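Colleague: Before I rely on the wording used for this protein, I would like to go through some of the terms with you. Could you take me through the reasoning behind each one?

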Amino acid sequence: MARVPVAEGVFTWPSDEPRLIGSRCAACGIVTFPRQESCPRCASTDMADHLLSRRGRLWAWTTQEFPPPTPPYAGPTGAAFVPYGVGYVELAGEVRVETRLTTTEGLRIGMDMELVLVPSRTDDDGNEVVTFAFRPVGGASLGL
Ligand SMILES: [Zn+2]
């Protein structure tokens, strides 16, 4: 089965050490994720791609107990839906990333988290669609 990224330009692909692709404003230094064409702080359009840190700290989290609106959500619905963790991971000196979490067990605010790529669904062409998530550092491997 071929693997394809959930969208172009969200993370480096293919990569043994995936990184999220954000952007950094040359005028004021703010880092955004996802990447943006203009700065949300100073409106400069002098934005450059910026590979984000693979590690951060859990800032907030909750459990997604029901399927989100479709689109953009394209995963299982109804009885096939499995609740999953979502949260914000703070990357030091960069940005807080809204992200899926690989687990809802044993999470605590401030714990070290790392980026992984995980399968999210199978598309109409039979490809495995890969998205990003964060998992506790040293936790059980649920990534690819
Ligand atoms: Zn700026």
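Colleague: Where is Pro34 found, and what makes the bond before Pro34 worth a remark?

Modeller: In this predicted model, Pro34 is found in the loop between strand E3 (31-32) and strand E4 (47-51). A cis peptide bond joins Phe33 and Pro34, with omega about -5°. Most peptide bonds are trans. The peptide bond from Trp13 to Pro14 is cis as well, with omega near -10°, and Pro14 is found in the loop between strand E1 (3-5) and strand E2 (21-25).

Colleague: Why is Ala43 called exposed, and what is said of its phi?

Modeller: Ala43, which lies in the loop between E3 and E4, counts as exposed because its relative accessibility is 56% and the term applies over 50%. Its phi is positive, about 70°, although Ala43 is not a glycine. Most residues other than glycine have a negative phi.

Colleague: What is Phe33 in contact with, leaving aside its neighbours within four places in sequence?

Modeller: With that exclusion, Phe33 is in contact with Val10, Leu20, Ile21, Gly22, Leu52, Val95, Val97 and Phe132, where contact means heavy atoms within 4.5 Å. Phe33 is also among the residues with the most contacts inside the largest nonpolar core, which has 20 residues, and others in that group include Leu20, Leu52, Val97 and Phe132. The elements that give two or more residues to this core are E7, E8 and E9.

Colleague: How do you know that Thr131 is buried rather than exposed?

Modeller: Thr131, found in strand E9, has a relative accessibility of 13%, and buried means under 20%, so Thr131 counts as buried. Leaving aside its neighbours within four places in sequence, Thr131 is in contact with Val6, Phe11, Val116, Leu117, Val118 and Ser120.

Colleague: How much space lies in the largest pocket, and which residues are the closest to its centre?

Modeller: About 1100 Å³ of space lies in the largest pocket. Of the 37 residues that line this pocket, the closest to its centre are Tyr73, Tyr84, Arg100, Thr131 and Phe132. By class, the lining has 25 nonpolar, eight polar and four charged residues, and E7 gives the most to the lining, with six residues.

Colleague: What makes E5 and E6 a pair?

Modeller: Two strands pair if there are at least two bridges between them, and seven bridges join E5 to E6, which run antiparallel, so the condition is met. Gln64 stands opposite Tyr84 in E6. E5 and E8 also pair in the antiparallel sense, over three bridges, and there Arg57 stands opposite Asp112 in E8.

Note on methods: Residues numbered from 1 in each chain as written. Predicted model: local features only at pLDDT ≥ 70, side-chain atom pairs only at ≥ 80, totals over all residues. Heavy atoms only, no water. 1 Å grid on protein atoms, 1.4 Å probe; cavity = no way out; pocket = protein on both sides within 12 Å on 5 of 7 lines; lining within 4 Å. Points joined across faces, edges and corners; volume = space filled by probe spheres on them. Helix = DSSP H or I, 4+ residues; strand = E, 2+ residues; numbered from the N terminus. Nonpolar A, V, L, I, M, F, W, Y, C, P; charged D, E, K, R; others polar. Buried < 20%, exposed > 50% of the residue type's maximum accessible area, 1.4 Å probe, protein only. Core = buried A, V, L, I, M, F, W, Y, C linked by side-chain atoms within 4.5 Å.
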